[in-house]
Amino acid sequence: MSEMTAPEVVFRDGLAAGELRFQRCRKCSAAVFQPRVLCPACGSDDLSWQRSSGLGSVYSTTAVRTREGAHNVALVDLDEGFRMMSRVEGVDRVIIGMRVRLAVVEQDGQPVAVFREAMS
Ligand SMILES: [Zn+2]
């Protein structure tokens with residue numbers, strides 16, 4: 001995880017390896033996501049990469065209907081303190097506060113982070 005590599009590339013390489021990577025600001029300790037060059041909280045460029053446990057809770061969810069059927073878009077609060085947009089698979093109904101765990105699936109040849117209900 002070289003400091004010189006573009007943040008999106010480090011993130012994508014992590015997903016390909018089954019890891020959800022995020023950044024933590026060394027100056028103000030904010031958890032940073034999406035991957036970026038500067039901390040959105042304090043403007044520092046001193047960001048370190050960390051690996052998320054992949055565990056979190058559903059913050060909000062919306063049903064989206066397309067020609068292919070219905071799926072959900074969910075905002076998930078990861079336990080490390082950042083929020084990401086994703087979807088929850090394998091459940092009939094997504095419930096706010098539901099505990100979820102990361103799963104990396106392939107979509108159009110690219111690794112994509114989705115979530116499934118955490119059973120533990
Ligand atoms: Zn900061």
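In which strand is Val 105 found? The close-ups below come from a predicted model, and the views of Val 105 take up that question.

**View 1. The zinc ion and its cysteine donors.** Four sulfur atoms serve as the protein donors here: the SG atoms of Cys 25, Cys 28, Cys 39 and Cys 42, each lying 2.3 to 2.4 Å from the zinc ion. Around the metal, these four donor atoms subtend angles of 105 to 114°, which makes the arrangement tetrahedral. For comparison, the ideal angle for four tetrahedral donors is 109.5 degrees. Along the chain, the donors of the zinc ion follow the spacing C-x2-C-x10-C-x2-C.

**View 2. Cys 28 and Cys 39, a pair from two loops.** Cys 28 sits in the loop between β1 (21–25) and β2 (31–32), while Cys 39 belongs to the loop between β2 and β3 (47–51), so the pair ties together parts that are eleven residues apart in sequence. Look at their surroundings too: Cys 28 is partly exposed, at 35% relative accessible area, whereas Cys 39 is buried, at 3%.

**View 3. Val 105 in its strand.** To answer the opening question, Val 105 is found in strand β8, which spans residues 99–107. Its relative accessibility is 17%, so Val 105 counts as buried, the cut-off being under 20%.

**View 4. The neighbours of Val 105.** Leaving aside residues up to four places away in sequence, Val 105 touches Arg 87, Glu 89, Gln 110, Pro 111, Val 112, Val 114 and Arg 116. You can also pick out Leu 15, which is 90 residues from Val 105 in sequence and 9.1 Å from it in space, C-alpha to C-alpha.

Note on methods. Residues are numbered from 1 along each chain as its sequence is written. This is a predicted model: local features need pLDDT of at least 70, side-chain atom pairs count only at pLDDT 80 or more; totals for chains, interfaces and linings use all residues. Side-chain values use heavy atoms; hydrogens and water are left out. Donors are N, O and S atoms within 2.8 Å of the metal (3.2 Å for Na, K and Ca); water is not among the atoms, so sites may look incomplete. Four donors count as tetrahedral if all angles lie between 85 and 135 degrees; four count as square planar and six as octahedral if opposite donors are over 155 degrees apart and all others between 65 and 115; anything else is irregular. Helices (H or I, at least four residues) and strands (E, at least two) are DSSP runs, numbered from the N terminus. Buried means under 20% relative accessible area, exposed over 50%, partly exposed in between (1.4 Å probe, protein chains only). Contact means heavy atoms within 4.5 Å.
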